[in-house]
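New to this one? Here's a quick tour to read alongside the sequence and the 3D view.

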Amino acid sequence: MPVAPGNKRVKGVSVYRPFVYGSEAQPFDPANRPPNAPPDHTHQWRVYVKGVNDEDISYWLKKVQFKLHETYAQSVRTIEQPPFEVTETGWGEFEIQIKLYFVPESTEKPQTIWHSLKLHPYGNDIEGKRERREKVISQNYDEVIFNEPVEQFYDLLTGGGQQQQQSKGKGAKKSTTTGGGGAHTAEIPLHDSPGNPYSRATESAELDRISEALKNVEQMIKNERAKLAEKEKRLAELRATEGVPPPTKKK
Ligand code: SLL
């Protein structure tokens, strides 16, 4: 079948684009409640989809639809341009459905992700965080992968200059820089900054942490195996000296 213009795919290529989605929430300052908040509301919160390090991602992300809990008036909020976010007040936590719509050139179907809105502190020092009325941030790094994008979208994605792509089959990410200024990238920063925890440095610290944990688990397995061998030896000795116990009565 002839391929419609604009629908020719770039074979063997996957382009990935990183993004961050999540929420931040804070309890009202009792002395300074937002004037229009209903009396049962306790927190202000914001849910968002954004580029890593606040990079503009609107060249591939056209709009975002946030589906809030039905207790909200107009619970479906569609945000047509950046910042892709909804700010609200409320009293409860719930799952937010986030639908990502890609630019029309992509011919891609929308993709849905879910985010659990967190209002209450979690992790360590929950009491301290509550007392200090700390902002509760719950966010994730993710990547959207466009497999064999249509040519016009591929050009848009790579900005013509810089290519960030993933070779199919091998699974390994390959990134080649062939151009300079203004080109779109999928690079994540080398180091964190106050507003952005996602960096190569964090990634490598996390990998170190995982390999340390693996080592610990291996050592624990080794210790348990040694203990088991010791017990089995003892059991064999007891069997030799005391004989085999009579079978226990089954009920
Ligand atoms: C819960 N399953 O029971 C959740 C529901 C609903 C959240 C949370 C206020 C909406 C409004 C609001 O915070 N809804 O009054 O407009 O915890």
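What follows is a short briefing on the ligand site, the salt bridges, a surface patch and one loop residue.

Keep in mind that this is a predicted model. The ligand has a ring of residues around it, with His41 and Trp91 among them. Elsewhere, the salt bridges come to 16, and a nonpolar patch of about 290 Å² sits on the surface.

**Around the ligand**

- Start with who's there: the ligand is surrounded by His41, His69, Thr71, Tyr72, Gly90, Trp91, Gly92, Glu93 and Phe94.
- Sorted by class, that shell has 3 nonpolar, 5 polar and 1 charged residues.
- Thr71 uses its side chain here, with a polar atom 2.9 Å from a nitrogen atom of the ligand.
- Trp91 comes in through its backbone instead, where an N or O atom lies 2.7 Å from an oxygen atom of the ligand.
- Gly92 also offers a backbone N or O atom, this one 3.1 Å from an oxygen atom of the ligand.
- How much of the ligand does the protein bury? Taken alone, the ligand exposes 450 Å², and the protein buries 69% of that.

**Salt bridges**

- Here's the basic idea: side chains of opposite charge can pair when their charged atoms come close.
- By the rule used for this model, the count comes to 16 salt bridges.
- Arg132 pairs with Asp125, their closest N and O atoms being 3.1 Å apart. Asp125 is partly exposed, with a relative accessible area of 45%.
- Arg130 and Glu127 make another salt bridge, with 3.0 Å between the closest N and O atoms. Both belong to helix α1 (residues 126-131), and because they are 3 residues apart there, about one helical turn separates them.
- Are the two partners in that α1 pair buried or exposed? Arg130 counts as partly exposed at 42% relative accessibility, and Glu127 counts as partly exposed at 48%.
- Over in helix α3, Glu203 forms a salt bridge with Arg200, and the closest N and O atoms are 2.9 Å apart. Glu203 and Arg200 are 3 residues apart in the helix, so they are separated by about one helical turn.
- Glu203 is partly exposed, with a relative accessible area of 39%, and Arg200 counts as partly exposed at 31%.
- Some salt bridges share partners, and in this way Glu24, Arg46, Glu85 and Lys135 are joined into one network.

**A nonpolar patch on the surface**

- Which residues make the nonpolar surface patch of about 290 Å²? Look for Leu207, Ile210 and Leu214.
- Ile210 sits in helix α3, which covers residues 200-242.
- Patch members need over 30% relative accessible area. Ile210 is partly exposed at 43%, so it clears that cut-off.

**A loop residue to look up**

- Val52 is in the loop between β2 (43-50) and β3 (61-67).
- Is Val52 buried or exposed? Val52 counts as buried, because its relative accessibility is 6% and buried means under 20%.
- Val52 and Glu187 are 135 residues apart along the chain, and their C-alpha atoms are separated by 8.9 Å.

Definitions and conventions:
Residues are numbered from 1 along each chain as its sequence is written. This is a predicted model: local features need pLDDT of at least 70, side-chain atom pairs count only at pLDDT 80 or more; totals for chains, interfaces and linings use all residues. Side-chain values use heavy atoms; hydrogens and water are left out. Patches are made of residues with over 30% relative accessible area and no salt bridge: like charges are joined within 9 Å, nonpolar side chains (Val, Leu, Ile, Met, Phe, Trp, Tyr) within 5 Å. Accessible areas come from the Shrake-Rupley method with a 1.4 Å probe; for residues, only the protein chains shown count as cover. A salt bridge is a side-chain nitrogen of Lys or Arg within 4 Å of a carboxyl oxygen of Asp or Glu. Helices (H or I, at least four residues) and strands (E, at least two) are DSSP runs, numbered from the N terminus. Buried means under 20% relative accessible area, exposed over 50%, partly exposed in between (1.4 Å probe, protein chains only). A residue is near a molecule or strand if one of its heavy atoms lies within 4 Å of it. A polar contact is a pair of N or O atoms within 3.5 Å; within protein, one must be able to donate a hydrogen and the other to accept it, and residues adjacent in sequence count only if both atoms are side-chain atoms. Ala, Val, Leu, Ile, Met, Phe, Trp, Tyr, Cys and Pro count as nonpolar, Asp, Glu, Lys and Arg as charged, and the others, Gly among them, as polar.
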